[in-house]
Amino acid sequence: MNTMWKPDPNKLTSPKYLSIAMALEQDIQTGRLVEGDKLPPQRELAYQLGVTLGTITRAYAEAERRKLVRGETGRGTFVAKTANVHSPLMLMPNTEGIQSYDLARNLGLAHLNPDLGQMLRELSDDPLVNSLNEYGPSEGTFYHREIGAQFLSEFYGAPANASQTLVTCGAQHGIQIAMLAMFNRGDAIAVDEMIYPPILSVLPALGLQIVPIEAERDENGHMGSMSGEALEDACTKHDIRGVFLIPNAQNPTTHTLSNGERQRLATVIEKHNLTVIEDDPYTPFISSKQKSFLELVPENTVLVGSPSKVMSAGLRTGYIHVPGNVKTAFANAIGESTWMAAPLNVEIVSRWITGGELQETLQRKREVLRQRYQYIKEVFPDNTLQGGEEKLFTWLQLPQQQSAELVAQAALLRGVEVLSHRNFQAMPRTDINALRVSPSTIAHHKHFEEAISLLKASIEHLEEIQAPRPMVG
């Protein structure tokens, strides 16, 4: 067991108890600490870090509140069973009587999805409908794969073909399949320093190492592309086999890679023969398309796409385009994980794609996103925002002296859920201090405006109580 855990005292920020709890959570997420590891006694850790005993007591209490650790009388504090820790993105049942606004999860304006009832009535009249209630090929029928390739070509601008396109149970399933099919336990995967949270748990669960790569920054401190130079440097220090990228509307920073940024990364990818997992759930929303990595490095790229955010989250349908020489490995991985995507679900999605409902739904959602981003810009200064009118979330930077984690807690007390940067943090330490604000879950615009106003009030309240007091004589 690991009895020597200690965060780097030089990397602790204020409030220190929260910084210690976050360091503990980070080490659990990256696999440095595992279930059953014993933490140092509070008094000993306080001495090692040069902080008060009360600070460590509060840190351990915060870690226990997050269900990261458990205290055992007479024995000490231990890392808890990680399966009991709820992801901040996990969907939980609604609690009646409690008014809350969800700016945390990204549900893709699901209330604007196509009419499922109408489609089910249409299908019930089809004499071939019962064929959708049978087993099918693990990679999907050729017809459904043709529709998937059409979707990737039309909405992603990708050179996709049916022979290399397979059907999955949504994009997240596609990512897991790609990791299983392309890598071996112990392989290192490069990821952005701020990344889609399930990656931080999925990769270690598959025995894969996470190597976070620094991002480039602009004059406002906004995060841009994964640095090609930093990726090159990491490849010389680690046995990196792959790189996970969200090139369009990166989650959480919203950054879309320019063609120049893509080319710089593609050069490093080709040089070191890395496999790219190109995760693109938000690409259909973006009007102006850049070159996909499937175009730049086709033999090295697995493209993961899905219409879930556009129109069909509940039907769990996605598509992956894979190098031809590994197609069998992918089909096997799908078969071993879930046998196949449900043919009925895939047929419904296929009809919506070919019948024009996808395009119509996309236009409706783009208009709502445009309105909501304009409202966010009215409330918060431009230089604090990273986002856009076609993006499903906004990255809101906060002043360094103000803890994004405390803002999120203060907002929750006002009935608003929002995610701080720590939920996306792959690096042990970061200078980022931000919130991801999702305008794509609350159905009614009035309620959305109310949620944004409450978030703004939470920030302003903390600004007042954290502001330095003037000296008086």
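Me: Hi! How far apart are the mean positions of the positive and negative charges of the chain?

Reply: The mean positions of the 43 positive and 54 negative charges are 6 Å apart. Lys and Arg count as positive and Asp and Glu as negative, while His and the chain ends are not counted. Each charge is placed at NZ of Lys, CZ of Arg, CG of Asp or CD of Glu.

Me: Anything I should know before we go on?

Reply: This is a predicted model, where local features need pLDDT of at least 70, side-chain atom pairs count only at pLDDT 80 or more, and totals for chains, interfaces and linings use all residues. Residues are numbered from 1 along each chain as its sequence is written, and side-chain values use heavy atoms, with hydrogens and water left out.

Me: Cool. How many helices and strands are there in the chain?

Reply: The chain has 16 helices and 17 strands. These are DSSP runs numbered from the N terminus: helices are H or I with at least four residues, and strands are E with at least two.

Me: And what does the C-alpha trace span along its principal axes?

Reply: About 80 × 50 × 45 Å. The radius of gyration is 23 Å, which agrees with the value near 23 Å for a compact globule of 473 residues. That radius is taken over C-alpha atoms, and the globule rule is 2.2 Å times the number of residues to the power 0.38.

Me: What percentage of the residues in the chain is buried?

Reply: Buried residues make up 54% of the 473. Buried means under 20% relative accessible area, exposed means over 50%, and partly exposed is in between (1.4 Å probe, protein chains only).

Me: Let's pick a helix. Which residues of helix 8 are buried?

Reply: In helix 8 (residues 228-237), they are G228, A230, L231, A234 and C235. These residues cover an arc of only 160° around the axis, so they sit on the same side of helix 8. The arc is that of the directions from the helix axis to the C-beta atoms.

Me: Which residues are exposed on the other side of helix 8?

Reply: E229, T236 and K237 are exposed there.

Me: What do the buried ones pack against?

Reply: The buried residues of helix 8 pack against several elements, including strand 5 (188-192), strand 9 (240-245) and helix 9 (259-272). Contact here means heavy atoms within 4.5 Å.

Me: New topic: what kind of peptide bond joins N251 and P252, cis or trans?

Reply: A cis one, with omega about 20°. P252 lies in the loop between strand 9 and helix 9. Most residues other than glycine have a negative phi, and most peptide bonds are trans.

Me: What about phi of A249?

Reply: A249 has a positive phi of about 55° although it is not a glycine. T254 is also not a glycine, and its phi is positive too, near 75°. A249 is in the loop between strand 9 and helix 9, and so is T254.

Me: Are those two buried or exposed?

Reply: A249 is buried, with a relative accessible area of 3%. T254 counts as buried at 1%.

Me: Last one: where is A63 found?

Reply: A63 is in helix 3 (residues 53-65) and is buried, with a relative accessible area of 0%. Leaving aside neighbours within four places in sequence, A63 is in contact with A21, L24, L68 and V69. The C-alpha atoms of A63 and I20 are separated by 8.9 Å, though the two are 43 residues apart along the chain.
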